[in-house]
Amino acid sequence: YIAGPEAYVSMGKNPWVSNIHFSLSLISMGIIPLFVIVLTSSSILIEYQSNSWKSLFSLPIPKWHIMLGKLIAIFFMMLVVCSLFVISTVLIGYIVDCVVREYEFVYYDANISSFLLKVFRLFIVTLGILGVQFLFSVLFRNQLYPLVLGIILCIIGFMMSILELRFTDFFPYSFPMVYEDFGITNTGPEPGHAHFLGWIELMSLICLMGCLVLAYQRFKRLR
């Protein structure tokens, strides 16, 4: 709204459609990928900084339990951020309506179920990035490397999605930018024709599982 609601809300049309589309494109193309990169590196960095791997591995529990605990914590934080995003997007719509009554948010259906499905799909397609970043984090003791690599790969993924390169659908860092049609590329599904689990979501899950298998092999050798 500060940038000017007329930039993404049109008179006489359902304002929720453009408001949700604008918010979803903003979080998908920058906020969520960067958040996952920082969160994943931070979850491993804290153990290296405190030199607590020895203490953790001395506990009478399998190493895969420790790794699983890290992943569950990351998943939980991602779900919290996605939930806050949904709540804040809906609240912003009503706040804008209070300031500029002409947009009539209260008179239109927000279609929350469709919005939740899109956010859930965003969560799924981001798991590919999580898998790669987790692998980087256990490979490098210095967590600056995973952070820098993640940011560089995000930029490459964004450029690949803009240029619509051939292998964009196989590059995890492009997944959040192409799983939905945001109007800057033709790689996402047409609006209103999104599938619950499409090709991008499937590739993201495969990438997650493959990277976690490799990460666990490295995790077992940590001391």
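# A tour of an all-helix chain

Read along the sequence, the protein chain runs α-α-α-α-α-α-α. This is a predicted model. Colour the chain by secondary structure to begin: the count is seven helices and zero strands.

**Whole chain**

Select the protein chain and show its surface. The exposed area is about 11900 Å², and carbon and sulfur atoms supply 70% of that area. Of the 223 residues in the chain, 45% are buried. Now switch to contacts. Taking those between residues at least 6 apart in sequence, 73% join residues at least 24 apart.

**The nonpolar cores**

Hide the surface and select Leu-24, Trp-53, Met-78, Phe-134, Tyr-173 and Phe-219. These are the residues with the most contacts inside the largest nonpolar core, which has 52 residues. To see where this core comes from, show α1 (15-50), α2 (53-57), α3, α4 (112-139), α5, α6 (175-178) and α7 (199-219), each of which gives two or more residues to it. Helix α4 provides the largest share of the core, 14 residues.

Next select Val-90, Val-96, Phe-105 and Ala-110. They are among the five residues of another core, which lies apart from the 52-residue one. As background, nonpolar side chains tend to be buried together in soluble globular proteins.

**Thr-89 in helix α3**

Move to Thr-89, placed in helix α3 (residues 63-99). Is this residue buried or exposed? Thr-89 counts as buried because its relative accessibility is 4%, and the cut-off for buried is under 20%. Which backbone atom does the side chain of Thr-89 reach? The side chain reaches the backbone oxygen of Phe-85, at 2.7 Å. Leaving out residues up to four places away in sequence, select what Thr-89 touches: Trp-16, Asn-19, Ile-20, Ser-23 and Phe-115. Of the helices to display here, α1 spans 15-50 and α4 spans 112-139.

**The salt bridge**

Select Arg-121 and Glu-201 and show side chains as sticks. The structure holds one salt bridge, and these two side chains form a salt bridge with an N to O distance of 2.6 Å. Arg-121 belongs to helix α4 and Glu-201 to helix α7, so the pair ties together parts that are 80 residues apart in sequence. Both Arg-121 and Glu-201 are buried.

**Leu-208 in helix α7**

Stay on helix α7 and select Leu-208. With a relative accessible area of 5%, Leu-208 is buried. Measure from the C-alpha atom of Leu-208 to that of Val-125: the separation is 9.7 Å, although the two residues are 83 apart along the chain. Which residues is Leu-208 in contact with, leaving aside neighbours within four places in sequence? They are Leu-127, Gly-128, Leu-130 and Gly-131.

**Leu-149 in helix α5**

Select Leu-149, which sits in helix α5. Leu-149 is partly exposed, at 32% relative accessibility. Its C-alpha atom is 8.7 Å from that of Gln-133, a residue 16 places away along the chain. Beyond its neighbours within four places in sequence, Leu-149 contacts Phe-136 and Phe-140.

**A nonpolar surface patch**

Bring the surface back and select Leu-34, Ile-151, Ile-155, Met-159, Ile-162, Leu-163 and Leu-165. Together they make a nonpolar surface patch of about 610 Å². Which helix gives the largest share of the patch? Helix α5 (residues 144-163) does, with five residues. Ile-162 is placed in this helix, and at 32% relative accessibility it counts as partly exposed. Patch residues must have over 30% relative accessible area.

**Two loop residues with positive phi**

The last two stops are for backbone torsions. Select Asn-111, in the loop between α3 and α4. Its phi is near 50 degrees, a positive value in a residue other than glycine. Asn-111 counts as partly exposed, with 38% relative accessibility.

Then go to Glu-164, in the loop between α5 and α6. What is the phi of Glu-164? It is positive, about 55 degrees, although Glu-164 is not a glycine. The relative accessible area of Glu-164 is 34%, so the residue is partly exposed.

Note on methods
Residues are numbered from 1 along each chain as its sequence is written. Side-chain values use heavy atoms; hydrogens and water are left out. Patches are made of residues with over 30% relative accessible area and no salt bridge: like charges are joined within 9 Å, nonpolar side chains (Val, Leu, Ile, Met, Phe, Trp, Tyr) within 5 Å. Accessible areas come from the Shrake-Rupley method with a 1.4 Å probe; for residues, only the protein chains shown count as cover. A salt bridge is a side-chain nitrogen of Lys or Arg within 4 Å of a carboxyl oxygen of Asp or Glu. Helices (H or I, at least four residues) and strands (E, at least two) are DSSP runs, numbered from the N terminus. Buried means under 20% relative accessible area, exposed over 50%, partly exposed in between (1.4 Å probe, protein chains only). Contact means heavy atoms within 4.5 Å. A polar contact is a pair of N or O atoms within 3.5 Å; within protein, one must be able to donate a hydrogen and the other to accept it, and residues adjacent in sequence count only if both atoms are side-chain atoms. A nonpolar core is a set of buried Ala, Val, Leu, Ile, Met, Phe, Trp, Tyr and Cys residues joined through side-chain atoms within 4.5 Å.
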